[in-house]
Amino acid sequence: MTAHPTLPEQATTVCRPAVCSHTEWDPLEEIVVGRLDGAAIPSGHPVVTCNIPRWAARLQRKSAGRRYPRALLEPARQELEEFVALLRSLGITVTRPEPVDHRARFGTPTWSSRGFCNSCPRDSLLVIGDEIIETPMAWPCRYFETFSYRALLKDYFRRGARWTAAPKPQLTDELYDDHFTVPRDGEPMRYIITEFEPVFDAADFVRAGRDLFALRSNVTNAMGINWLRRHLGPGYRIHEIPSRCRTPMHIDTTFLPLGPGKALVNPEYVDIDHLPGALRSWDILTAPEPDPIPDRLLKITSMCGKWLSLNVLMLDEHRVIAERHHTGMLRALEKWGFTPIPSDLLHYAPFGGSFHCATLDIRRRGDLASYCD
C-alpha cells in the first residue's frame with residue numbers, strides 16, 4: 001500500500017515544533033482527520049466480533065471484506081467533510097491520508113486478512129509530546145493500517161518529530177483465548193486477548209500532561225500498558241481506569257479529560273469512588289444519558305455503543321466540538337462552563353467512532369506540565 005498526505009494548504013509563519021501535543025485540551029493548531037475512501041468491512045475474527053454490538057457483529061460476519069454499502073458510506077462521508085471544513089474555518093490546520101484500497105489481501109507466514117479503513121487515526125497512532133508512536137493493534141485487519149499515514153509520518157519526521165513503532169505483534173493463536181465468553185455482570189473480568197505479547201490501541205490512552213490514563217481492554221493488554229510505561233520512562237505516569245463495561249474497547253467513551261482538573265466520565269462504566277488517586281482533586285463530570293438514536297439502520301450497524309456522546313474534541317480549555325444530536329450532552333457542557341460547538345458525525349458510528357476517534361491532534365499550544373496529585 002502507498003499513501004501520500006494532503007499537506008497543509010498554507011505553511012505556518014511561526015517557528016513551532018512539527019509535532020507537539022501534551023494534553024487533550026491545550027489550544028489546537030494542527031490535526032489529522034481520517035478518511036472513508038477505500039473502506040472495507042472488517043474481518044470476522046473473534047477479536048473483532050466480541051467488541052462490537054450484537055447486531056453489528058452478525059452483519060459484519062456475513063459481509064467481512066466487502067466494501068461498505070453507499071447507504072452507510074455517503075452520509076458519513078458528507079458529515080466528515082463538513083467537520084473538516086469546520087476545523088479549517090476555525091483556523092486549524094488539517095492533514096489527511098490519501099485513500100487506500102483496504103480490500104487488498106495481506107498476511108504474515110501464519111495468517112492472512114483484508115483491511116478495514118483509516119477512519120480513526122486515534123487508534124493506530126499515539127502522540128506524546130514531540131513523539132508519534134505507531135501502536136501494535138490486536139485486530140489482524142488493522143495490521144498495516146499505519147501505512148496509510150506513512151507519508152505524513154515521514155513529513156513530520158523530516159521536520160523534527162520523533163517517530164517510534166512499538167514491536168510489531170505476531171497475532172498468532174496464542175494471543176487469543178479460544179474459550180473466551182463475555183463475562184456476565186458479577187463475574188470476574190476477562191479479556192479475549194492474553195499476555196502472549198504486548199498489544200494496545202492508542203485510543204485506550206488519554207493524556208493530561210505527565211499523566212496518562214489507560215483502559216485495559218479487549219485490544220489492550222497489561223503487557224501493552226507496561227511496554228508504553230517503560231518506553232516513556234519516569235517522566236510520565238500511567239494510571240489505569242477501572243471499567244465496569246463487559247466488552248471494553250477504547251477509553252474515550254469511558255473517561256475523557258476536558259481541561260485542567262476536569263474529566264468527563266461514563267456513569268455506566270465508571271465507579272467514581274474507584275478512580276485513581278491521582279484524580280483526587282479533579283472535578284468529575286458525569287455524562288448525561290445519551291439521546292436515543294431514531295435511525296434503525298444506525299442502531300444495527302454501529303460499531304460502537306450508545307455512549308459515543310462522550311466522544312468530543314476539545315479545541316481548547318473552553319471550546320468543544322460535540323455531536324449535534326446529543327442535546328443532553330450539549331446542555332451539560334454548557335452547564336459545566338464549556339462552549340459547545342455542535343456538529344454532525346452521527347453516521348460515522350459504523351466506521352468506529354465520532355469526533356475524538358476520527359482525529360489525531362498533532363500540535364497543541366502548551367508546555368508539558370503535571371495536573372494530578
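## Arg77 and Glu74

Arg77 is partly exposed in this predicted model, with a relative accessibility of 22%. Its salt-bridge partner is Glu74. The closest N and O atoms of Glu74 and Arg77 are 3.2 Å apart. Glu74 is partly exposed too, at 28% relative accessible area.

Both residues sit in helix H3, which spans residues 70-89. They are three residues apart, so about one helical turn separates them.

## A shared network

Some salt bridges have partners in common. Through them, Glu24, Arg122, Arg207, Asp361 and Arg364 are joined into one network.

## The wider set of salt bridges

How many salt bridges are there by this rule? The count is 28. Side chains of opposite charge can pair when their charged atoms come close.

One of the salt bridges links Glu29 and Arg363. Here the closest N and O atoms are 2.9 Å apart. Glu29 belongs to strand E1 (residues 28-33) and Arg363 to strand E17 (residues 359-364), so the pair ties together parts that lie 334 residues apart in sequence. Glu29 is buried, with a relative accessible area of 13%. Arg363 is also buried, and its value is 7%.

## Arg35 and Asp37

Arg35 and Asp37 form another salt bridge through their side chains. The N to O distance is 3.9 Å. The cut-off is 4 Å, so this pair counts.

Are the two partners buried or partly exposed? Arg35 is buried, with a relative accessible area of 14%. Asp37 is partly exposed, at 24% relative accessibility.

## Asp291: buried without a salt bridge

Asp291 lies in a loop. That loop runs between strand E13 (283-286) and helix H7 (296-301). Asp291 is buried, yet it has no salt bridge.

Why does Asp291 have no salt bridge? The nearest side chain of opposite charge is that of Arg331, 5.4 Å away. A salt bridge requires a side-chain nitrogen within 4 Å of a carboxyl oxygen, so Asp291 and Arg331 do not qualify.

Asp291 does have a polar partner. Its side chain makes a polar contact with the side chain of Thr327, at 3.1 Å. Setting aside neighbours within four places in sequence, Asp291 is in contact with His325, His326, Thr327 and Gly328. Thr327 thus appears both in this contact list and as the polar partner of Asp291.

How values were computed. Residues numbered from 1 in each chain as written. Predicted model: local features only at pLDDT ≥ 70, side-chain atom pairs only at ≥ 80, totals over all residues. Heavy atoms only, no water. Helix = DSSP H or I, 4+ residues; strand = E, 2+ residues; numbered from the N terminus. Buried < 20%, exposed > 50% of the residue type's maximum accessible area, 1.4 Å probe, protein only. Lys, Arg positive; Asp, Glu negative; His and termini not counted. Polar contact = N/O pair within 3.5 Å; in protein donor to acceptor, adjacent residues only side chain to side chain. Contact = heavy atoms within 4.5 Å.
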